[in-house]
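Okay, thanks for making time, everyone. I'd like to walk you through a model I've been looking at, so let me put it up on the screen.

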Amino acid sequence: MNVSIIITCYNREKHIARAIRSAVDQRFPYGTFEVVVVDDHSTDHSREIIADFGGAVVPVLLDQNMGLPTARNAGIRKARGRYVLHLDSDDYIHTDLIGFEYQFLEHNRDW
């Protein structure tokens with residue numbers, strides 16, 4: 001696994017689907033990246049929306065609201081990628097983002 005995209009979510013039912021779609025739809029070789037979605041015990045329909053993505057994401061469902069730092073750390077612990085990208089649940093990324101970033105990091109290993 002080359003890249004892990006970690007999305008943390010707390011009560012973002014209006015935005016989480018777009019964030020996940022932008023991560024899943026990357027133009028990067030299939031099977032070389034993963035999308036880890038950490039739900040920080042949302043009380044809205046965020047968990048159902050995350051579940052709708054099925055095997056396209058790796059869900060991490062926290063049993064109580066622990067806050068952003070704990071949610072991000074839970075995602076990092078679950079991640080299998082060499083590189084980690086954090087994506088906020090109310091944001092989205094370009095389809096070529098991890099491809100460009102991965103290429104840069106591979107050619108600049110001293111960074």
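I'll go through two helices, an aromatic cluster, two pockets and a few loop residues.

First, the ground rules. This is a predicted model, so to speak: local features need pLDDT of at least 70, side-chain atom pairs count only at pLDDT 80 or more, and totals for chains, interfaces and linings use all residues. Residues are numbered from 1 along each chain as its sequence is written, and side-chain values use heavy atoms, with hydrogens and water left out.

When I say helix or strand, I mean DSSP runs numbered from the N terminus, with helices being H or I of at least four residues and strands being E of at least two. Buried is under 20% relative accessible area, exposed is over 50%, and partly exposed is in between, with a 1.4 Å probe and protein chains only.

Okay, helix α1, residues 16–24. Which of its residues are buried? They're I16, A19, I20, S22 and A23. Looking down the axis of α1, these buried residues fall within an arc of 160 degrees, so they line one face of the helix. That arc is taken from the directions from the helix axis to the C-beta atoms. And what do the buried residues of α1 pack against? That would be β1, β2, α2 (46–51) and β4 (83–88), where contact means heavy atoms within 4.5 Å.

Now over to α4, residues 97–107. Here I98, Y102 and E106 are buried. Down the axis of α4, the buried residues fall within an arc of 60 degrees, so they too line one face of the helix. On the face of α4 turned away from that buried side, you'll find the exposed residues F100 and H107. The buried residues of α4 pack against β1, β2 and β4.

Keep Y102 in mind, because of what comes up in the aromatics. How many aromatic pairs does a search of the whole structure find? There are 4. Rings of Phe, Tyr and Trp (its six-membered ring) pair if their centres lie within 6.5 Å; planes under 30 degrees apart count as stacked, over 60 as edge-to-face, and the rest as tilted. One of the pairs is F28 with F33, edge-to-face, at 6.2 Å centre to centre and 70 degrees between the planes. F28 and F33 are both buried. Another is F28 with Y102, also edge-to-face, at 5.3 Å centre to centre with 75 degrees between the planes. That pair links distant parts of the chain: F28 sits in the loop between α1 and β2, Y102 is in α4, and they're 74 residues apart. Put Y83 in with those three, and F28, F33, Y83 and Y102 form one aromatic cluster.

On to pockets. A pocket, on a 1 Å grid over the protein atoms alone, is an open set of points where a 1.4 Å probe fits, with protein on both sides within 12 Å along at least five of seven lines; lining residues have an atom within 4 Å of a point. Grid points are joined across faces, edges and corners, and the volume is the space filled by probe spheres set on the points.

The largest pocket holds about 260 Å³. Its lining includes M1, V24, Y30, F33 and R80, so F33 from the aromatic cluster turns up here as well. Strand β2 (residues 33–39) gives the largest share of that lining, with 3 residues. By class, the lining splits into 8 nonpolar, 2 polar and 2 charged. For those classes, Ala, Val, Leu, Ile, Met, Phe, Trp, Tyr, Cys and Pro count as nonpolar, Asp, Glu, Lys and Arg as charged, and the others, Gly among them, as polar.

The second largest pocket has a volume of about 180 Å³. It is lined by 13 residues, and T8, C9, Y10, L68 and S89 lie nearest its centre. Two elements, β1 (3–9) and α3 (68–78), give two or more residues to this lining, and α3 gives the most, with 3. The classes here are 4 nonpolar, 4 polar and 5 charged.

Last stop, the loops. N11, in the loop between β1 and α1, has a positive phi of about 55 degrees although it is not a glycine. N11 is partly exposed, at 28% relative accessibility. H41, in the loop between β2 and α2, is another non-glycine with positive phi, near 60 degrees. Its relative accessible area is 32%, which makes H41 partly exposed.

Then there's D52, in the loop between α2 and β3 (58–61). Is D52 buried or exposed? Exposed, at 66% relative accessibility. The C-alpha atoms of D52 and H107 are separated by 37 Å, with their positions 55 residues apart along the chain.
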